Amino acid sequence: MIAAANQDLWQGGAACGKYFQVTCTGALNQGVPHPCTSTPTVTVMITDFCPPPGCKGNLDLSHESFSTIADPRAGGIKISYQQYLFFKFWLYFYWPLAGC
């Protein structure tokens, strides 16, 4: 699953390809008072930059990532996140990262 990083996290592209564990911690508005799902944590890979002023938070989750941890009707949620050290060994294939 993928996400875009805001300017602070992006660090001139240094965040591209890094993994973050993102957890839904609650609602941002009263529209959906309890948006978090029963599996409120997802691991995402940063594949793009979310530039200001369009980026409303630290991470812009893909629809798949967002709907895994929260009700999509919420639109926005409170999250906690931390970098996740994840190693993949590519023996036969190279898959370029979109946006990086």
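**Why these labels? Cysteines, rings and strands**

Q: Why does Cys36 count as partly exposed?
A: In this predicted model, Cys36 has a relative accessibility of 28%. The partly exposed class runs between the buried cut-off of 20% and the exposed cut-off of 50%, so 28% puts Cys36 in that class.

Q: What makes Cys24 buried?
A: Its relative accessibility is 6%. Buried means under 20%, so Cys24 qualifies.

Q: How do you know that Cys24 and Cys36 are joined by a disulfide?
A: Their sulfur atoms sit 2.0 Å apart, and the criterion is a pair of cysteine sulfurs within 2.5 Å. Cys24 belongs to strand β2 while Cys36 is in the loop between β2 and β3, 12 residues apart, so to speak of this pair is to speak of a link between distant parts of the chain.

Q: Which hand does the link of Cys24 and Cys36 have?
A: Left-handed, with -75° about the S-S bond.

Q: What makes Cys50 and Cys55 a disulfide?
A: The sulfur atoms of Cys50 and Cys55 are 2.5 Å apart, and the rule asks for within 2.5 Å. With this one, the whole structure comes to 2 disulfides.

Q: Why is the disulfide of Cys50 and Cys55 called right-handed?
A: Because the torsion about its S-S bond is about 115°. As for cover, both of these cysteines are buried.

Q: How many aromatic pairs does the structure hold?
A: It holds 2. In one of them, the ring centres of Trp10 and Phe49 lie 5.8 Å apart, with 35° between the planes. This pair spans distant parts of the chain, with Trp10 in helix α1 (residues 7-10) and Phe49 in strand β3, 39 residues apart.

Q: Why is the pair of Trp10 and Phe49 called tilted?
A: Planes under 30 degrees apart would be stacked and over 60 edge-to-face; 35° is neither, so the pair is tilted.

Q: Are Trp10 and Phe49 buried or partly exposed?
A: Trp10, at 13% relative accessible area, falls under the 20% limit and is buried. Phe49 has 28%, so it counts as partly exposed.

Q: What makes the pair of Phe20 and Tyr81 edge-to-face?
A: The planes of Phe20 and Tyr81 meet at 65°, and over 60 counts as edge-to-face. The centres are 6.1 Å apart, and the pairing limit is 6.5 Å. Phe20 sits in strand β2 and Tyr81 in strand β5, 61 residues apart, which again links distant parts of the chain.

Q: Why is Phe20 called buried?
A: Phe20 has a relative accessible area of 7%, and the limit is 20%. Tyr81, at 31%, is partly exposed.

Q: Why does Asp71 count as buried?
A: At 17%, Asp71 comes in under the 20% cut-off, so it is buried. Asp71 belongs to the loop between α2 (63-69) and β5 (77-84).

Q: What makes the link of Asp71 and Arg73 a polar contact?
A: The side chains of Asp71 and Arg73 come together at 2.5 Å, and the limit for such a contact is 3.5 Å. Beyond its neighbours within four places in sequence, Asp71 touches Val32, Pro35, Thr37 and Phe66.

Q: How do you know that β1 (residues 2-5) and β3 (residues 41-49) pair?
A: They share 4 bridges, in the parallel sense, and pairing takes at least two. One of the bridge partners is Met45, set against Ile2. Strand β2 (residues 19-27) also pairs with β3, over 5 bridges, but antiparallel; there Tyr19 stands opposite Met45.

Definitions and conventions. Residues numbered from 1 in each chain as written. Predicted model: local features only at pLDDT ≥ 70, side-chain atom pairs only at ≥ 80, totals over all residues. Heavy atoms only, no water. Helix = DSSP H or I, 4+ residues; strand = E, 2+ residues; numbered from the N terminus. Buried < 20%, exposed > 50% of the residue type's maximum accessible area, 1.4 Å probe, protein only. Polar contact = N/O pair within 3.5 Å; in protein donor to acceptor, adjacent residues only side chain to side chain. Contact = heavy atoms within 4.5 Å. Phe/Tyr/Trp six-rings, centres within 6.5 Å; stacked < 30°, edge-to-face > 60°.
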